[in-house]
Amino acid sequence: MQDTAIRASGYTFIFDESRNTFVRKPELRVRVFGTTDSGLIVNIISNAADLEAVSYHANEKGNVVCTDGKYFSLDVNEFTSSR
């Protein structure tokens with residue numbers, strides 16, 4: 001049996017408890033999901049990203065962001081929203 005994967009593009013939605021609604025994250029994401037291992041999810045980033053400069057930090061809203069400080073920025077708060 002051969003493992004397979006699915007490449008998908010779309011937006012992440014999170015539930016904002018303070019507004020009792022789902023909020024769409026602004027970044028379009030490209031992800032690869034394994035069909036045999038539900039724990040493996042890979043985000044595809046732009047070729048323009050400077051991989052040597054990528055780091056995680058909190059932005060002005062307190063959200064954790066993965067960024068190279070130039071071309072690539074991805075809000076990685078999947079389970080909480082800005083409050």
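Me: Which residue takes a positive phi in the hairpin of β2 and β3?
Reply: This is a predicted model, in which local features need pLDDT of at least 70 and side-chain atom pairs count only at pLDDT 80 or more, while totals for chains, interfaces and linings use all residues. Residues are numbered from 1 along each chain as its sequence is written, and side-chain values use heavy atoms, leaving out hydrogens and water. Strands are DSSP runs of E with at least two residues, helices are runs of H or I with at least four, and both are numbered from the N terminus. Four residues sit between the strands of this hairpin, and the one with a positive phi, near 55 degrees, is Asn20.

Me: Good start! Which residue in β3 stands opposite Phe15?
Reply: Phe15 belongs to strand β2, residues 13-16. Strands pair if DSSP finds at least two bridges between them, and β2 has four to β3 (residues 21-24), with the two running antiparallel. Opposite Phe15 in β3 is Phe22.

Me: Is Ile14 buried or exposed?
Reply: Ile14 is also in strand β2, and its C-alpha is 6.6 Å from that of Arg24, 10 residues apart in sequence. Buried means under 20% relative accessible area, exposed over 50%, and partly exposed in between, with a 1.4 Å probe and protein chains only. Phe15 has 35% and counts as partly exposed. Ile14 has a relative accessibility of 4%, so this residue is buried.

Me: How much accessible area does the nonpolar patch have together?
Reply: Patch members have over 30% relative accessible area and no salt bridge; nonpolar side chains (Val, Leu, Ile, Met, Phe, Trp, Tyr) are joined within 5 Å, like charges within 9 Å. Areas come from the Shrake-Rupley method with a 1.4 Å probe, and for residues only the protein chains shown count as cover. Here Tyr11, Phe13, Phe15, Phe22 and Leu28 come together, with about 540 Å².

Me: Which residue forms a salt bridge with Asp16?
Reply: A salt bridge puts a side-chain nitrogen of Lys or Arg within 4 Å of a carboxyl oxygen of Asp or Glu, and the structure holds three. Asp16 is buried at 3% relative accessible area, whereas its partner is exposed at 55%. Their N to O distance is 2.9 Å, and that partner is Arg19.

Me: How many residues apart in sequence are the parts tied together by Lys25 and Asp75?
Reply: The closest N and O atoms of this salt bridge are 3.1 Å apart. Both Lys25 and Asp75 are buried. Since Lys25 lies in the loop between β3 and β4 (29-34) and Asp75 in strand β8, the parts they tie together are separated in sequence by 50 residues.

Me: And which residue meets Lys70 in a salt bridge?
Reply: Lys70 is exposed, at 52% relative accessibility. Its partner lies in the loop between β5 (41-44) and β6, 20 residues apart from Lys70 in the loop between β7 and β8. The N to O distance is 2.6 Å, and the partner is Asp50.

Me: Why is one side of each edge strand left without a neighbour, and which strands are they?
Reply: Three strands make an open antiparallel sheet in the order β6-β7-β8. Within this sheet, β7 (residues 64-67) joins β8 through three bridges, and Thr67 has Ser73 as its bridge partner. One side stays free because each edge strand has a single partner strand; the two are β6 (55-58) and β8 (73-75).
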